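Colleague: I have the structure open and would like to know how you justify the labels you put on it. Could you take me through some of them?

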Amino acid sequence: MERALLPRLCRALRLCRAGLRFRSSRGAEEGAARSRDAPAALPQGPEAGRGSRTGRELWQAQQDFPRAGKGKGLRRNAVTLERTKGSEILFGVAPCWLALARERRALFRLFLKEQRGGSGRPLRAELALQAAARGLPVLHVPGRALDALCRGRPHQGVCLEAAPLPFRSLRDAEEPRHGDGESGRPLWLVLEHIQDPMNMGALLRAAYFLGVDRVVATQSNSCPLTPIVSKASAGAMEVFDVYSTDDLQGFLKAKSAEGWEVVGTVSRPEDVEDVPVISCSEFQWDKPLIVVIGSEGEGLSLETQLQCQRMLAIPPGRALHPGIDSLNVSVAAGILLHSICSQKRRHGG
C-alpha cells in the first residue's frame with residue numbers, strides 16, 4: 001500500500017512546487033508595480049501636513065515615466081520646482097543651520113533629502129524641528145531634487161529657500177554700539193573688488209574666526225553675498241555683518257582723519273611706490289586699524305594704495321620660481337590677520 005501511495009505523493013509535491021513558482025513570479029510582478037507608487041512612509045490623506053503633502057506631490061511628479069516611443073524604453077521627467085519670486089537656495093548644513101538660527105533674512109521652505117528607511121541623520125532631524133518651530137514648511141524630497149535646486153553643488157542633503165542677504169549700509173557702522181564686540185583697538189577688514197565667491201566666503205570665514213570686528217566691501221565690481229559665498233564661509237556670512245561702500249577712497253580718507261591707521265597689502269613690494277612696505281611680522285598694532293585687501297588679479301588699485309600709510313607683505317620661505325610668486329588672496333589675508341590679531345591676544349587688547 002505504501003508503494004502505491006508513493007507516486008501520488010510525488011505528483012502532489014511537483015504540483016505544490018509549481019504553485020510556489022507561480023506565486024513567486026506573480027509576487028515579483030506585483031512588487032515591481034508597487035515600487036512605482038509613492039513609498040508608504042510618506043504621509044497620506046488629509047492628516048498629512050502642508051510640507052509633507054507638497055513633498056509627496058513633488059515625489060509623485062518625478063515618478064511619471066512618459067514613453068519615448070515603442071521599443072525605446074522609458075524616460076524620466078526632469079525635476080522642476082517653482083520657487084518664490086526673488087528667492088535663492090542656500091545649500092549645506094552649516095549655512096542652512098545658521099540662517100535658521102539667526103533669521104537675518106526671510107525664509108520660505110526647508111528641503112531635506114528623504115530617507116529610505118531608518119531614522120535619518122540627527123542633524124537633519126534637528127533642522128526639521130527648528131524649521132517647524134518657526135512655522136517653516138519642511139519638504140522631504142529625493143536627492144536629485146536637491147541636486148537640481150542647488151545646480152549640482154554639495155548640499156549635504158539640506159537646502160533652504162530664502163531671500164537674498166544684502167550688504168549692510170556703511171552708515172550703520174559709523175557709530176559702534178556698546179556690547180557689539182569691538183574693543184578699544186578695533187580691527188576692520190576692507191575688501192576691494194573681490195569677485196570670486198569662493199574667495200569672498202573664505203575671507204569672511206577667516207575674518208570671523210580670527211576676531212575681525214567689521215568687514216567692508218566695495219559696492220562695485222565685488223561679488224554679492226550669494227549662497228556660494230555662504231557655503232564657502234561655512235555659514236559665517238549668516239552671522240557676520242558685511243558692509244559696503246561706493247566710495248572706498250573717501251571712506252579710507254575719513255577714517256585716517258579720525259585717527260585710524262590704514263594699511264594695505266601687497267604680494268610684490270617692488271610694485272609699490274611712495275608708500276613704505278614692511279613685513280607683516282614687523283608690524284606693530286597700537287591704534288584702530290583698517291587692513292585693505294585687493295582683488296585676486298590686480299591687487300590694490302593705485303588710488304587705494306595712496307590712502308594707505310603702510311603696506312604689509314608676507315616674506316616667502318624660499319626662492320620662488322617665476323610665475324609662483326604670490327598666495328591666494330584668502331590665504332594671504334588669513335596669514336596677515338593672524339599675525340595682527342595674535343598681538344591683540346598677547347597684550348589682552
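Modeller: Happy to! Keep in mind that this is a predicted model. A good place to begin is an open sheet of eight strands, with parallel pairing and the order 5-8-7-6-11-9-12-10.

Colleague: What makes strand 5 and strand 10 the edge strands?

Modeller: Strand 5 (168-169) and strand 10 (277-279) each pair on one side only.

Colleague: How do you know that strand 6 and strand 11 pair?

Modeller: Two strands pair if DSSP finds at least two bridges between them. Strand 6 (residues 187-191) and strand 11 (residues 289-293) have five bridges, in the parallel sense, so they meet that cut-off. Within this pair, Leu 189 is opposite Val 291 of strand 11.

Colleague: Which strands does helix 6 touch as it packs on that sheet?

Modeller: Helix 6 touches strand 6, strand 7 and strand 8 (242-245), and its direction makes about 175 degrees with that of strand 6.

Colleague: What span is expected for helix 6, and what does it reach?

Modeller: Helix 6 (residues 197-210) has 14 residues, and at 1.5 Å a residue 20 Å is expected. From first C-alpha to last it reaches 20 Å, close to that expectation. Its buried residues include Met 200, Leu 203, Leu 204 and Ala 207.

Colleague: What makes the link between Asp 196 and Met 198 at the start of helix 6 a polar contact?

Modeller: A side-chain oxygen of Asp 196 comes to within 2.8 Å of the backbone nitrogen of Met 198. The cut-off for such a pair of N or O atoms is 3.5 Å, so this pair qualifies. After helix 6 comes Gly 211, with a positive phi near 105 degrees.

Colleague: Why is Ser 222 called buried?

Modeller: Its relative accessibility is 16%, and buried means under 20%, so Ser 222 counts as buried. Ser 222 sits in the loop between strand 7 (214-218) and helix 7 (227-232). Its side chain makes a polar contact with that of Thr 218, at 2.7 Å. Setting aside neighbours within four places in sequence, Ser 222 is in contact with His 193 and Ile 194.

Colleague: And the four-stranded sheet: how is the pairing of strand 1 with strand 4 established?

Modeller: That open sheet has the order 1-4-2-3 and mixed pairing. Strand 1 and strand 4 (residues 158-162) share four bridges in the antiparallel sense; at least two are needed, so they pair. Ile 89 has Glu 161 in strand 4 as its bridge partner.

Notes: Residues numbered from 1 in each chain as written. Predicted model: local features only at pLDDT ≥ 70, side-chain atom pairs only at ≥ 80, totals over all residues. Heavy atoms only, no water. Helix = DSSP H or I, 4+ residues; strand = E, 2+ residues; numbered from the N terminus. Expected span 1.5 Å × (residues − 1). Buried < 20%, exposed > 50% of the residue type's maximum accessible area, 1.4 Å probe, protein only. Polar contact = N/O pair within 3.5 Å; in protein donor to acceptor, adjacent residues only side chain to side chain. Contact = heavy atoms within 4.5 Å. Axes fitted to C-alpha atoms, helices over the stretch in contact; angles between N-to-C directions.
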